[in-house]
Structures are given as structure tokens and as C-alpha cells.
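I opened this notebook to keep track of what I looked up, one topic at a time, with the sequence and the structure side by side.

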Amino acid sequence: MVTRRRLHLLLMVRVTCDAAGHVVELSLPGAGLSGKLDAFDFAASPNLTKLNLKNNSLVGAIPYRLCKLPSIAWLDLGSNYLTNPDYSRLSPMPALEYMSVSRNKLNGAFPQFILSCTNLIFLDLSKNAFNGPIPDLLAKMTPNLVHLNLSSNMFSGTIPRSLAQLSKLLELRLRSNIFSGGFPEMLTTMSTLQVFTLGNNSLSGSMPMGIGNLTSLQVLGLTNNNFTGPLPMSIGKMKHLRAFHLFNNNLNGAIPPAVGNMTALQQLFLGNNNLNGTIPLEIGNMTALRQLDLRNNQLEGEVPATITLLQNLNYLALGTNRFTGTIPLDLGRRQTHNLIGLANNSFYGELPQGLCRSFTLEVLALNNNNLSGTLPSCIRNCSNLQSLRLRQNHLSGNIPQILGVHSNLTVLDVSKNQFSGTLPPTFCHILLF
């Protein structure tokens with residue numbers, strides 16, 4: 001009888017042979033393999049073009065005899081526990097086009113033998129412990145690269161300007177390393193680049209005006225660096241951008257109205273900076289926007305009513321700024337918010353009655369403002385509500401009439417308001433402030 005697990009493994013195992021009966025493809029991802037690759041008889045498979053052993057429990061050094069497979073074009077050893085091969089015995093692999101050794105226990109400098117794999121299209125060394133600089137010759141020796149992922153290692157130094165020579169590159173992932181220096185301005189000439197991630201490094205300096213030349217870019221990740229200066233006006237030219245992450249830098253100046261041209265953008269994370277000025281009215285043009293994070297800046301003025309035009313917005317974080325005025329009347333009427341964070345500002349007036357009209361709200365943080373009036377009745381029907389922070393306002397009303405049916409609520413702070421009533425016994429498990 002074939003068990004469910006055995007059937008699952010059989011579906012994952014793929015052995016392909018050519019007309020002469022030679023094995024040309026061997027795919028065993030997630031097949032529960034263990035032990036060392038030394039046990040594999042490479043000499044018996046001279047026609048092998050694809051070897052996929054990712055997501056297993058293989059250990060030991062990557063055998064140098066892999067290089068003896070003259071036709072190998074696809075090699076995926078990712079998500080195992082493999083260690084460094086004897087690099088001195090590795091030879092060129094001219095047919096290799098796809099190579100992934102991500103999520104292993106490899107370390108040391110960038111493997112020089114990769115520079116002899118001149119037909120590489122896909123290279124993934126992520127989530128290991130490689131260190132030192134990226135070889136300046138990488139672009140020259142592997143000119144066909146389309147995907148380069150060196151994330152989550154300990155690579156250091158400056159990012160080579162020569163990477164701009166990779167004219168076919170679509171994805172460049174360098175996040176979570178120790179790169180320093182400024183934003184590599186030469187890379188802004190790579191107009192075909194679609195994904196560019198540099199987050200969690202030690203990069204500094206201002207963002208180049210030429211960043212707007214990356215017109216094919218869909219993901220730009222620059223979070224957790226030390227970038228300074230204003231956001232370039234040219235960012236409005238990146239009309240295909242879907243995710244723009246600049247959280248936790250030292251940017252200053254105003255948010256340029258040109259952001260309104262980024263109509264495909266779904267995530268805009270500019271929190272934990274020193275941005276000032278107001279939110280531009282043009283933000284209402286960003287109709288694809290789902291997540292907007294501007295918290296922990298020095299933004300001021302009123303939140304523009306145009307923000308209520310963003311019907312796809314489900315995450316709004318504007319806390320710890322200098323906003324004032326009333327909360328836009330229609331906020332929540334058109335959107336299905338999961339999180340609304342407006343804490344630590346100077347908002348006043350009553351809460352919009354449609355704030356939670358979709359009943360999807362999970363987190364509502366309005367603490368430390370000057371809000372008054374009663375809570376919207378729709379809060380009672382937000383069954384997924386997990387955190388409600390209302391401290392230090394002038395809100396009033398009967399608490400039991402609004403709360404008490406929220407089984408997922410774990411954080412509640414209604415102190416320093418004018419509420420009345422007694423909390424029901426069901427609130428005993430909640431973290432009260």
C-alpha cells in the first residue's frame with residue numbers, strides 16, 4: 001500500500017533519460033536524503049544535465065567530482081548542510097547555467113571557480129557565511145547573469161561599479177551583508193533591472209538622482225542603512241515599482257509630489273527617518289497602494305483627504321509624527337484596513353464613523369492624541385481585533401457596549417479618557433494598561 005508520504009515523495013522524484021537510456025535529469029527535492037554526496041557515483045552519469053537535491057539533509061563537503069560532469073547545466077544543492085569543497089581541485093564547468101548553493105554552511109571568500117563558469121545565468125549563494133568583497137571580474141567573466149543573489153552572508157567592501165556591465169541582469173539581491181560606501185550610482189544605468197535589494201547593510205550617503213532611470217524596477221529594498229538627504233524627485237519615473245522599502249535610514253526633506261506617479265506601488269515604507277513637511281495630495285493617485293508606513297518621522301500638517309481614495313490600502317502607519325487636524329472623515333469607508341496606527345500625534349475631533357466599516361481591523365493605535373467623542377459602533381463587529389490602544393485622549397462612552405465580543409483581543413489600553421462602564425470578566429486574559 002502506498003502511504004501519503006511515499007506518494008508525495010514519488011511525485012517529487014523525477015528521473016529523465018535520453019533516447020539511449022542515459023540519465024540526463026535527476027530531481028530529488030525534499031526527498032528526505034541524508035548522508036554525504038561522496039556516495040554519489042558521478043562517473044556513472046556522464047550525460048547528466050540537471051541535478052536537483054535541494055531541501056534535504058545532506059552533509060559534508062561538496063565533492064569536487066561534481067566538476068567531472070561535463071554536461072551539467074542545472075545544479076541545485078540549496079537548503080542542506082553542505083560545507084566547503086576542496087576549491088583547489090575544482091575545475092571549470094563551462095556548461096553550467098543554473099547554480100544554487102543557498103542555505104548551507106559554506107564560508108570563506110567568494111568562490112573563484114565561479115568565475116570560470118562563464119555561461120552562468122542564475123547564481124544563488126544566499127544564506128551562507130561567505131565574506132570579503134565581490135570580485136570585480138564577476139561581471140566580465142559571467143556576462144549572461146540574469147539572477148544574482150548574494151543575500152544574507154558577510155560580504156563586505158563597496159559594491160563593484162562593474163556590476164553595471166551585466167546588461168541582462170533582472171534581479172540583484174545583496175541585502176543582509178556588510179557592504180559599505182555610497183549607493184552605487186553606476187548601477188542606476190541598469191534600465192532592465194527588476195529587483196534590487198540592498199537592505200541591512202552599512203551603506204551611506206545620499207540617493208543619486210539617477211535612481212529614476214531604473215524604469216523597469218519592481219522591487220527596491222534599501223531598509224536599515226544610513227542613507228541621508230532627500231528623496232530624489234526622479235523616483236516618480238519608476239512607474240512599475242511595486243515595493244519601495246526605505247525604512248530605518250536618515251533621510252530628510254519632504255516627500256516629493258512625484259510619488260503620485262508611482263501608480264503601481266503597493267508598499268511604501270519610509271518609517272524611521274527624519275522626513276518633514278506634509279504628505280503630498282498626490283498620494284491619492286497611488287491607487288494600487290496596500291501598505292503605507294510613514295511612522296517615526298517629523299511629518300506635519302493634516303493628513304490629506306485624498307488618502308481615502310486608496311481603496312486597496314489595508315495598512316496605514318502614521319504614528320509618532322507631528323500631524324494635526326482631524327482624521328479624514330471617509331477614512332475606512334472604502335478600505336479594508338487591518339492596521340491603523342495614528343498614535344503620538346496631535347489629531348483632534350471625533351473619529352470617523354466608518355473607520356472600521358469593513359470589520360477587518362486587527363490593530364488600532366490612536367493613543368496620545370486629542371481625540372474626542374465616542375468610538376465608532378463598527379468596532380464591536382471587528383471580531384479579529386487584537387490590539388486597541390486609545391490612551392491619553394478625550395474619548396467617552398460605555399465600554400461594555402463597544403467591547404466584550406473580541407475573543408482575539410490581547411492588548412487593551414483605554415486609560416486617561418472619559419469612558420464609563422465595567423469591563424466584563426472575559427477581559428481577564430487581556431494585557432491591560
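I call a residue buried when its relative accessible area is under 20%, exposed when that area is over 50%, and partly exposed in between. The model is a predicted one, and I read every entry below with that in mind.

**Aromatic rings**

With that cut-off settled, I looked up phenylalanine 183 and found it buried, as is phenylalanine 227. The two belong to a list of ring pairs that comes to 8. The ring centres of phenylalanine 183 and phenylalanine 227 are 6.1 Å apart and the planes stand at 55 degrees, so I entered the pair as tilted. Phenylalanine 183 sits in the loop between strand 15 (178–182) and strand 16 (195–197), whereas phenylalanine 227 belongs to strand 19 (residues 226–229), so the pair ties together parts that are 44 residues apart in sequence.

I then followed the ring pairs that link Trp74, Tyr98 and Phe122 into a cluster. Tryptophan 74 has a further partner in lysine 50, whose charged end sits over the ring at 4.3 Å from its centre.

**An open sheet**

Next I traced a sheet of 3 strands, which is open, has the order 3-5-7 and is paired in parallel. Strand 3 (34–36) and strand 7 (81–83) are the edges; each has a single partner strand, so one side of each is left without a neighbour in the sheet. From one strand to the next the twist averages 15 degrees. Between strand 5 (residues 57–61) and strand 7 I noted 3 bridges in the parallel sense, and glycine 60 has leucine 82 of strand 7 as its bridge partner.

**Around leucine 150**

Which loop holds leucine 150? I placed leucine 150 between strand 12 (147–149) and strand 13 (154–157), and its relative accessible area of 0% means that it is buried. Leaving aside neighbours within four places in sequence, I listed its contacts as Phe110, Leu125, Ser126, Ile134, Phe155, Arg173, Leu174 and Asn177. For a longer reach I checked proline 280, 130 residues from leucine 150 along the chain, and the C-alpha atoms of the two are separated by 36 Å.

Strand 13, on one side of that loop, pairs in the parallel sense with strand 11 (residues 129–132) over 2 bridges, and there asparagine 131 stands opposite methionine 154. Strand 13 also runs parallel to strand 15, joined by 2 bridges, with phenylalanine 179 in strand 15 as the bridge partner of glycine 157.

**Cysteines**

I found 1 disulfide in the structure, joining cysteine 356 to cysteine 378 with an S to S distance of 2.3 Å. The torsion about the S-S bond is about 90 degrees, so this disulfide is right-handed. Cysteine 356 lies in the loop between strand 29 (346–350) and strand 30 (363–365), and cysteine 378 in the loop between strand 31 (370–374) and strand 32 (387–389), so the bond ties together parts that are 22 residues apart in sequence. Both cysteine 356 and cysteine 378 are buried.

Why is cysteine 382 not bonded to cysteine 356? Its sulfur is 4.0 Å from that of cysteine 356, the closest cysteine sulfur, and this is too far for a bond, since I count a disulfide only within 2.5 Å. Cysteine 382 is buried, with a relative accessible area of 0%, while cysteine 17, at 42% relative accessibility, counts as partly exposed.

How values were computed. Residues numbered from 1 in each chain as written. Predicted model: local features only at pLDDT ≥ 70, side-chain atom pairs only at ≥ 80, totals over all residues. Heavy atoms only, no water. Pairing = 2+ DSSP bridges. Helix = DSSP H or I, 4+ residues; strand = E, 2+ residues; numbered from the N terminus. Axes fitted to C-alpha atoms, helices over the stretch in contact; angles between N-to-C directions. Phe/Tyr/Trp six-rings, centres within 6.5 Å; stacked < 30°, edge-to-face > 60°. Buried < 20%, exposed > 50% of the residue type's maximum accessible area, 1.4 Å probe, protein only. Lys NZ or Arg CZ within 6 Å of the ring centre and 35° of its normal. Contact = heavy atoms within 4.5 Å.
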